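This report introduces a structure to a reader who has not met it before. Please keep the sequence and the view at hand while reading.

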Amino acid sequence: MTTRRKKIYEGKAKILYEGPEPGTLIQYFKDDATAFNAQKKAVLEGKGVINNRISEFVMLKLGAVGIPTHFIKRMNLREQLIKEVEIIPLEVICRNIVAGGLATRLGLEEGTPLPRSIIEFCLKDDKLNDPMVTEEHITAFNWASTQEIDDIMAMTLRINDFLCGMFSAVGITLVDFKIEYGRVYDGEFARVILADEISPDSCRLWDSTTNEKLDKDRFRRDMGEIIESYTEVARRLGIMKEMPTVIRGGLH
Ligand code: 5GP
């Protein structure tokens with residue numbers, strides 16, 4: 001079925017197809033996993049199904065507390081209907097605990113709590129390895145306006161607060177995450193909404209008791225049990241019962 005639709009864009013973990021109505025797209029979650037700017041690649045059977053479901057769950061929860069998102073509805077195991085947006089070419093990273101790139105860049109010990117949540121911006125550009133940029137770059141090169149940056153920062157902190165609580169309630173620490181935003185137009189007027197996905201591919205999630213990693217770092221660091229960990233996140237969020245066949249494999 002998907003082959004007959006017009007492909008709009010293919011990324012590393014997702015494909016965007018033309019939607020059934022103007023202003024809509026279909027977001028397809030692949031099983032492909034990449035890290036280190038696609039130098040490391042694998043197919044993790046079932047990942048797309050789990051991420052589709054986790055991202056739906058998170059987007060619906062955020063929508064319910066007033067965060068505008070691109071999510072319209074999940075269509076099937078691997079696809080969701082979303083609003084078409086003009087993507088803002090930034091990766092917005094929010095951090096609560098030192099890990100990954102921040103640990104390396106500043107020589108800090110992974111696991112150190114930050115004095116307050118920190119937001120970073122990276123330019124979405126694989127050729128340049130998604131370099132970190134400042135608000136000065138963002139406004140000078142017209143990637144986003146000052147008002148949009150303010151809106152993005154306020155929304156990101158609200159998302160962080162909400163997700164920290166949501167995960168903490170199920171014994172998971174939200175260490176950091178990456179989100180993306182897009183513009184939707186109402187005539188001349190543009191507003192910024194949350195786009196892309198929120199899943200263990202884009203968050204660092206640690207078991208609150210053991211600090212065991214339940215996210216993509218298991219793939220980046222060759223730790224194994226990747227699908228099992230993503231499934232555990234879904235199970236704790238209470239969404240596993242609707243997709244029991246994933247753990248048994250066999251879904252494509
Ligand atoms: P770091 O800068 O430490 O590598 O990443 C910070 C957070 O953003 C982590 O949760 C990481 O998973 C997420 N992140 C950063 N860049 C990317 C990216 O290109 N793709 C995805 N899926 N997540 C990213």
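## Strand pairing and the ligand shell

Strand β9 pairs with strand β10 (residues 113–123) in the antiparallel sense, over 7 bridges. The model described here is a predicted one. Within the pairing of β9 and β10, L90 has L123 in β10 as its bridge partner.

Strand β10 also pairs with strand β11 (residues 132–133); this pairing is antiparallel and comprises 2 bridges. Here F121 stands opposite V133 of β11.

The account now turns to the ligand. In total, 15 residues surround the ligand, and the closest are R95, G101, D176, R204 and R220. Four elements each supply at least two residues of this shell: β9 (90–97), α2 (100–106), β12 (172–186) and β14 (203–207). By class, the shell consists of 8 charged, 4 nonpolar and 3 polar residues.

Which atoms of R95, D176 and S202 lie opposite an oxygen atom of the ligand, and at what distance? The table gives the pairs.

| Residue | Protein atom | Ligand atom | Distance |
|---|---|---|---|
| R95 | N or O atom in the side chain | oxygen atom | 2.8 Å |
| D176 | polar side-chain atom | oxygen atom | 2.6 Å |
| S202 | backbone N or O atom | oxygen atom | 3.5 Å |

On its own, the ligand has 500 Å² of accessible area, of which the protein covers 79%.

Strand β9 thus links both parts of this report: β9 pairs with β10, and β9 is also one of the elements that supply at least two residues of the shell around the ligand.

Conventions. Residues are numbered from 1 along each chain as its sequence is written. This is a predicted model: local features need pLDDT of at least 70, side-chain atom pairs count only at pLDDT 80 or more; totals for chains, interfaces and linings use all residues. Side-chain values use heavy atoms; hydrogens and water are left out. A residue is near a molecule or strand if one of its heavy atoms lies within 4 Å of it. A polar contact is a pair of N or O atoms within 3.5 Å; within protein, one must be able to donate a hydrogen and the other to accept it, and residues adjacent in sequence count only if both atoms are side-chain atoms. Accessible areas come from the Shrake-Rupley method with a 1.4 Å probe; for residues, only the protein chains shown count as cover. Ala, Val, Leu, Ile, Met, Phe, Trp, Tyr, Cys and Pro count as nonpolar, Asp, Glu, Lys and Arg as charged, and the others, Gly among them, as polar. Two strands pair if DSSP finds at least two bridges between them.
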